[in-house]
Amino acid sequence: MIFKRVAKFKFNNKTYQMFSSKNKFAFLRVENGLYHYPTLDEFQNIVFFLEQEHYAKYNDKRKEKYQFMPFLSFNVKNNIKKVMITSLLVMSCLTGCGHEQSAKSYYYGYEPLDISVTNDIDESTITDISYANGFYETEDFELLESSKMITLYNNKYFDKLFGYSNVLENDVIKSIESNKSIPDDYIYYINEFVLTMASYYDSLDFRVFDYNIKSLEFEVRSPDNVDFIANGAVAFYDINNNKMIISTDIDLAHNPRSRLIFRHELGHLFNHLKIEKDGYSIDYSFNDAGRGTYLKEALDVIFTTDPFMYDYKDPEITENMGYPIITNIVRVLVECSDYDIQESVSANVYNFQNHLNSYFGEELDANIIEELIELQWIEYSDDLIKVNDEDYEDLYEYVTKLYIKKNVNPTMSYDEIKEKETTLKDKLLLGVSHDEYVYINIVEEVFNNYLKENNITKTFIRVM
């Protein structure tokens, strides 16, 4: 398993290099140009900081995800087969077979990477590190057997869990109206949300949403008593308790910003779920196995705002619909790759990574893109971390090249290409209050290189 470089950053007055491989990540401390293992305290502090909910004022005890999943090896006709332990356990849980003795239990804990270099090698010469021990990862689920906890990352096992394969919008409306915990004032807006989403998206999967809406609870609090609502937010979906926390400042009838936020929070009902089945706690979560939180938020912004653009005519709303700096990047990636945003409620962000990689091939390492997106939002919202500019420059170079591939061709005139450049700049700057975080100089540089490589020059017309 190869871990590739993501970014170098400063944290707690020390410099670290971040590595990633799909949905796993690791860190090394950098001192005097050489790599060193971080201590356990350093590692835990970094993970806690990167995993915490920014713009939130409450403490959340998060499940630690420091260890890698092992696998079982067995011999079949002189061929070594590898079967992930979790695959045996999850399938026995979902089908009710109960063959738990087929696999061994394990636990999460920090274990340093087996690095294929020594500290007498200059860190600038290293392009990747490898994890040499047994490792197998899944796009579908994760299981912590010692705690009987399963995390699902797509809809693959939904029918086995719930016994039905399709839910129509009318079924959801009935579920809404049968839930006596929903205040009458909110039923109209939730119904409107469901019907508009169903009309806008032609094959939207409502199964998880329907399951959540049947038992959704509401709690109204005054703004000074809503510790985890910040920066003007007037609603928050409590995933752990399937509860919508509402500020008394919310005004769904007259304030489109309130409606936008409320719809965004309703969107989380599509891809978060907690249930108990066969002695297991099952967490249905579409963040990417401990990462991808803000990439998922950006996808949710696009998913829940596009159907309601008729309602967001105020420039202050259209310029900032939530998580602006990263939503702008993600929207460009979605548009350039022809990604169907409906898929974001049926599979986790690893699915989005795979889509980007399959669409662009070697031109893009979507895992690194994801990690840089996560880091940029964290730095944008919190000054405790500082990422090297060069790494963000790589991010904006990737995005610009993908945009050019989708929208520009050598038959265009100089002015037409410069117009596309302006459009991309506007897309990336939309709603961003600190434009120094948007590397417009990289966008210009990539476009200029494209013009030079294709010998496209500005045509001057002499006026007589």
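This report walks through a predicted model of one protein chain, from its overall make-up to a few chosen places.

**The whole chain**

The chain has 464 residues, and 53% of them are buried. Its secondary structure comes to 15 helices and 15 strands. Contacts often reach across the sequence: among those between residues at least 6 apart, 68% join residues at least 24 apart. The accessible surface is about 22000 Å². Carbon and sulfur atoms account for 46% of that surface.

**Helix α15**

Helix α15 covers residues 440-453. How far apart should its ends be? It has 14 residues, so at 1.5 Å a residue it should span 20 Å. The end C-alpha atoms are 20 Å apart, which agrees with that expectation.

Several residues of α15 are buried: I440, I442, V443, V446, F447, Y450 and L451. An α-helix has 3.6 residues a turn, so residues three or four places apart point the same way. Which helices help cover the buried residues of α15? The cover includes α13 (389-407) and α14 (414-429). Just after α15 comes N455, with a positive phi of about 55°.

**Two buried residues**

T196 and R29 sit in different kinds of element. T196 lies in helix α5, which runs over residues 184-200. R29 belongs to strand β3, residues 24-31.

Is T196 buried or exposed? Its relative accessible area is 17%, so it is buried, the cut-off being under 20%. Leaving out residues up to four places away in sequence, T196 touches P307, F308 and Y310.

R29 has a relative accessibility of 12%. That is under the 20% cut-off, so R29 counts as buried too. Which side chains does the side chain of R29 meet in polar contacts? The table gives the two partners.

| Side chain | Partner side chain | Distance |
|---|---|---|
| R29 | E31 | 2.6 Å |
| R29 | E42 | 2.6 Å |

E31 lies within β3 itself, as the strand covers residues 24-31. E42 also appears among the residues that R29 touches, when residues up to four places away in sequence are not counted. The others in that list are K14, T15, Y16, L34, Y35, H36, Y37, P38 and T39.

**In brief**

The chain combines 15 helices with 15 strands. Helix α15 has the span expected for its 14 residues. T196 is buried and touches P307, F308 and Y310. R29 is buried, and its side chain makes polar contacts with the side chains of E31 and E42.

Note on methods:
Residues numbered from 1 in each chain as written. Predicted model: local features only at pLDDT ≥ 70, side-chain atom pairs only at ≥ 80, totals over all residues. Heavy atoms only, no water. Helix = DSSP H or I, 4+ residues; strand = E, 2+ residues; numbered from the N terminus. Buried < 20%, exposed > 50% of the residue type's maximum accessible area, 1.4 Å probe, protein only. Contact = heavy atoms within 4.5 Å. Areas by Shrake-Rupley, 256 points an atom, 1.4 Å probe, with all protein chains shown as cover. Expected span 1.5 Å × (residues − 1). Polar contact = N/O pair within 3.5 Å; in protein donor to acceptor, adjacent residues only side chain to side chain.
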